[in-house]
Amino acid sequence: MSDEERAAQGAALGRELSTAVVMFHEAVGAHLGVSAGDQRALTLLGREGPMSAGDLAEKTGLTPGAVTGMIDRLERAGLAHREHDEKDRRRVLVTAATGQPDVFSDLAAAMNEMAARYSEAELLLIADYLSRTVEVLREQTRRLSEGLRPRRSR
């Protein structure tokens with residue numbers, strides 16, 4: 001297989017993966033009554049704990065205005081709430097609501113089963129690739145959110 005064919009195959013697989021991930025999160029968001037982006041921010045809050053809207057904007061790569069709307073939608077759906085920081089009452093934190101439905105357990109089990117097929121060295125390589133992909137995507141998200149033209153990663 002030529003370098004050009006390998007690149008084309010990689011691009012096609014990347015598009016297919018992207019579509020599958022987006023459609024899965026759209027389905028999860030619809031199940032919860034919010035958008036896919038809102039649902040991903042909720043997952044971030046659940047994983048990392050309460051954070052300010054500014055912190056959430058930084059971690060998602062979205063503008064503060066977009067994050068404010070996102071938090072409003074999560075609150076209306078009963079999935080998150082704002083509360084004053086106990087250490088600094090002027091600061092407002094966003095917290096994921098407790099008792100949310102577990103919509104990821106089946107996915108986690110299936111992914112663990114799939115990952116068991118790979119050696120430790122292969123998993124390290126896959127993890128490196130995915131980490132670098134996340135970095136590129138976050139940078140491109142930030143650029144788009146700021147109205148800048150996306151550019152190729154270095």
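A contact is taken as heavy atoms within 4.5 Å. On this basis, residues 24 or more positions apart account for 41% of the contacts in the chain with a separation of 6 or more. The structure is a predicted model, in which local features need pLDDT of at least 70 and side-chain atom pairs count only at pLDDT 80 or more, while totals for chains, interfaces and linings use all residues. Residues are numbered from 1 along each chain as its sequence is written, and side-chain values use heavy atoms, with hydrogens and water left out.

The chain contains 6 helices and 2 strands, where helices (H or I, at least four residues) and strands (E, at least two) are DSSP runs numbered from the N terminus. Read from the N terminus, the order of elements is α-α-α-α-β-β-α-α. The C-alpha trace spans about 60 × 40 × 30 Å along its principal axes. The accessible surface of the chain, from the Shrake-Rupley method with a 1.4 Å probe and, for residues, with only the protein chains shown counted as cover, amounts to about 11100 Å². Carbon and sulfur atoms contribute 56% of this surface. Of the 154 residues, 21% are buried; buried denotes under 20% relative accessible area, exposed over 50%, and partly exposed the range in between (1.4 Å probe, protein chains only).

One buried position is L42, with a relative accessible area of 5%. L42 is part of helix α2, which covers residues 36–48. When residues up to four places away in sequence are not counted, L42 touches L32, L74, L79, A96 and Q100. The C-alpha atoms of L42 and V22 are separated by 16 Å, at 20 residues apart along the chain.

At the surface, L107, M111, M114, Y118, L123, I126, Y129 and L130 form a nonpolar patch of about 690 Å². Patches are built from residues with over 30% relative accessible area and no salt bridge; like charges are joined within 9 Å, and nonpolar side chains (Val, Leu, Ile, Met, Phe, Trp, Tyr) within 5 Å. Helices α5 (105–115) and α6 (120–145) each supply at least two residues of the nonpolar patch. The largest share, 4 residues, comes from α6. M114, one of the patch residues, is located in helix α5 and counts as partly exposed because its relative accessibility is 31%. The loop between α5 and α6 includes A116, which is exposed at 63% relative accessibility. A116 and A57 are 59 residues apart along the chain, and their C-alpha atoms are separated by 35 Å.

The chain carries 21 positive and 24 negative charges, whose mean positions are 6 Å apart. In this count Lys and Arg are positive and Asp and Glu negative, with His and the chain ends not counted; each charge is placed at NZ of Lys, CZ of Arg, CG of Asp or CD of Glu. Side chains of opposite charge can pair when their charged atoms come close. The structure holds 11 salt bridges, each defined as a side-chain nitrogen of Lys or Arg within 4 Å of a carboxyl oxygen of Asp or Glu.

In helix α1 (residues 3–32), R6 and D3 are 3 residues apart and thus separated by about one helical turn. Their side chains meet in a salt bridge with an N to O distance of 2.5 Å. R6 is partly exposed, with a relative accessible area of 45%, whereas D3 is exposed at 60% relative accessibility.

Helix α6 holds two further pairs, R132 with D128 and R142 with E139. The side chains of R132 and D128 form a salt bridge (3.0 Å, N to O), and these residues lie 4 residues apart, about one turn of the helix. R132 is exposed, with a relative accessible area of 52%, while D128 is partly exposed at 35% relative accessibility. For R142 and E139, the salt bridge has an N to O distance of 2.8 Å. The separation of R142 and E139 is 3 residues, or about one helical turn. R142 is partly exposed, with a relative accessible area of 29%, and E139 is partly exposed at 29% relative accessibility. Elsewhere, D55, D85 and R91 are joined into one network by salt bridges that share partners.
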